[in-house]
Amino acid sequence: MTTVIKNGTIVTADLTYKADVLIEGGQIIEIGPDLKGDESLDATGCYVMPGGIDPHTHLEMPFMGTYSADDFESGTRAALAGGTTMVVDFVLPSPGEGLMDALKKWDNKSTRAHCDYSFHMAITWWDKQVFDEMKTVTEHGINTFKHFMAYKGALMVNDDELYSSFKRCAELGAIPLVHAENGDVVAELSAKLLAEGNNGPEGHAYSRPPQVEGEATNRAIMIADMAGVPLYVVHTSCEESHEAIRRAKMNGKRVWGEPLIQHLTLDESEYFDKDWDHAARRVMSPPFRNKQHQDSLWAGLQSGTLSCVATDHCAFSTEQKRYGVGDFTKIPNGTGGLEDRMPMLWTYGVGTGRLTPNEFVAVTSTNIAKILNLYPKKGAVLVGADADLVVWDPKASKTISAKTQQSAIDYNVFEGKEVTGLPRYTLSRGVVAWADGEIKTKEGHGQFVARDPGMPVTRALSTWKELTAPRPVQRSGIPASGV
Ligand code: DUC
Ligand code: ZN
Ligand code: ZN
Ligand code: ZN
């Protein structure tokens with residue numbers, strides 16, 4: 001059985017051209033004019049683009065005394081409804097739990113996925129078992145390891161653990177990821193705010209100023225440089241963190257920054273002078289920032305100093321958010337966004353002239369596929385690539401509403417936003433997964449995508465020399481000869 005997408009304009013990260021796309025066995029088998037297939041999808045007036053890849057989701061994740069409300073079934077349904085055809089979720093071992101034991105849990109949960117998925121592994125504690133298991137994890141197709149520099153007393157790892165794990169990543173050809181916030185300072189500020197009676201959701205934002213993110217981002221970059229490994233900084237939300245990434249890139253370091261669609265389009269006013277539920281529903285880490293920080297993130301996407309746009313989809317119901325009434329530190333951190341990332345970025349990026357359609361494809365799909373070693377299986381419109389595609393109607397509009405969303409929660413942080421630019425069809429490995437406003441796939445259609453470790457990374461010259469050159473031994477107390 002062949003399927004042809006007819007009369008569309010193909011948009012990739014670097015090309016825009018008119019052609020049909022022929023699909024068989026889940027893959028693209030031909031691209032060209034006037035193609036014929038057993039089944040035909042009309043893309044008149046539409047762009048045919050690589051399906052979105054969300055590099056950062058937390059589906060059914062045990063966190064802050066509960067589980068995030070979207071599981072692999074509802075989460076991937078939301079993804080496809082918004083033109084995203086692959087998610088990369090975080091396996092989160094509890095401190096003390098084996099990495100492979102945790103991976104088994106994620107293997108079980110993910111059997112319900114509607115679209116393809118892959119995993120990052122979180123390093124939440126450190127000893128020889130973790131060191132050894134990191135190799136086994138890479139042999140199971142996971143080449144990225146996430147480190148929390150915040151959540152003190154729970155998930156946070158210290159600098160010695162960070163340095164050890166980063167060195168291990170370097171040996172394995174894996175990439176470390178960081179949630180960069182100074183967890184010690186956040187804990188201090190939180191305690192102070194609570195002691196002063198500042199216990200509402202806005203206290204969450206006060207406890208995590210941009211400086212805690214900038215400091216941790218810079219620290220992680222320097223530790224990665226000393227370990228000789230590239231670094232991926234998740235949810236870059238502010239100028240302080242972006243500035244550290246920009247500087248590192250200018251110095252030849254391989255560092256990538258990932259803003260979230262929430263930080264690009266929602267600001268800190270969501271926490272102030274709003275009712276408790278409204279603000280608490282938007283509690284996530286890092287918190288929303290002011291307009292200047294948003295401008296910095298957009299500038300980073302335009303100039304290429306920031307590489308991709310994610311969601312950190314970690315949805316909690318209003319009822320779950322209310323665990324934190326009287327103490328903002330108990331509000332489960334996280335917001336949804338899987339269904340809205342592509343339409344919101346198209347509307348506020350392409351629709352405003354901030355991004356070209358090609359840049360849109362780069363930051364929602366192709367750059368991610370390249371960094372995570374998925375390219376060109378994913379993130380490409382090429383013969384031989386998986387037919388994970390979105391037929392994108394740039395004129396279609398809707399108003400975002402919890403009433404019509406796929407996500408399991410009872411609200412949407414983008415409620416009321418008008419978006420223009422929506423999927424007409426979303427295809428997952430050649431199968432129409434979203435059409436006519438409905439999900440067409442059955443749960444379990446999604447498959448795990450293994451990612452090999454990358455090539456050992458060549459170090460930036462400035463630091464390579466410094467760390468490998470023989471060091472002269474200084475004998476303190478002995479005067480230099482000739483004095
Ligand atoms: N931040 C969130 O808001 N939720 C999940 C984890 C995280 O780092
Ligand atoms: Zn095995
Ligand atoms: Zn995080
Ligand atoms: Zn996250």
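Select Lys291, Gln292 and Ser303 on helix H11 of this predicted model; Lys291, Gln292 and Ser303 are exposed. They mark one side of the helix, and the other side comes next.

Still within H11, select His293, Gln294, Ser296, Leu297, Gly300 and Leu301, which are buried. Turn the view until it runs down the axis of H11: the buried residues fall within an arc of 160°, so they line one face of the helix.

What does that face meet? To find the partners of the buried residues of H11, display helix H7 (210-227), helix H8 (239-250), helix H9 (261-265) and helix H14 (357-371), together with strand E16 (255-257). The buried residues of H11 pack against each of these elements.

Next, select the whole of H11, residues 291-303, and check its length. At 1.5 Å a residue, its 13 residues should span 18 Å, and the end C-alpha atoms are indeed 18 Å apart, so expectation and model agree. Step on to Gly304, which follows H11 and has a positive phi, near 90°.

Now move to ligand 1. Which residues are around ligand 1? Select His58, His179, Met284, Ser285, Asp312, Cys314, Asn333 and Gly334. Coloured by character, this shell divides into 5 polar residues, 2 nonpolar and 1 charged.

Finally, select residues 47-419, the span that an unreviewed UniProt entry lists as "domain: Amidohydrolase-related". Helix makes up 40% of the span and strand 16%. A distance drawn between the C-alpha atoms at the two ends of residues 47-419 reads 16 Å.

Conventions
Residues are numbered from 1 along each chain as its sequence is written. Chains are lettered from A and ligands numbered from 1 in the order in which they are written. This is a predicted model: local features need pLDDT of at least 70, side-chain atom pairs count only at pLDDT 80 or more; totals for chains, interfaces and linings use all residues. UniProt positions are given in the numbering used here, feature names are shortened, and annotations may be inferred rather than shown by experiment. Helices (H or I, at least four residues) and strands (E, at least two) are DSSP runs, numbered from the N terminus. A residue is near a molecule or strand if its C-beta atom, placed from the backbone, lies within 6 Å of it. Ala, Val, Leu, Ile, Met, Phe, Trp, Tyr, Cys and Pro count as nonpolar, Asp, Glu, Lys and Arg as charged, and the others, Gly among them, as polar. The expected span of a helix is 1.5 Å times one less than its number of residues. A residue is buried if 20 or more other C-beta atoms lie within 10 Å of its own, exposed if 12 or fewer, and partly exposed in between; C-beta atoms are placed from the backbone. The arc is that of the directions from the helix axis to the C-beta atoms. Two residues are in contact if their C-beta atoms, placed from the backbone, lie within 7 Å.
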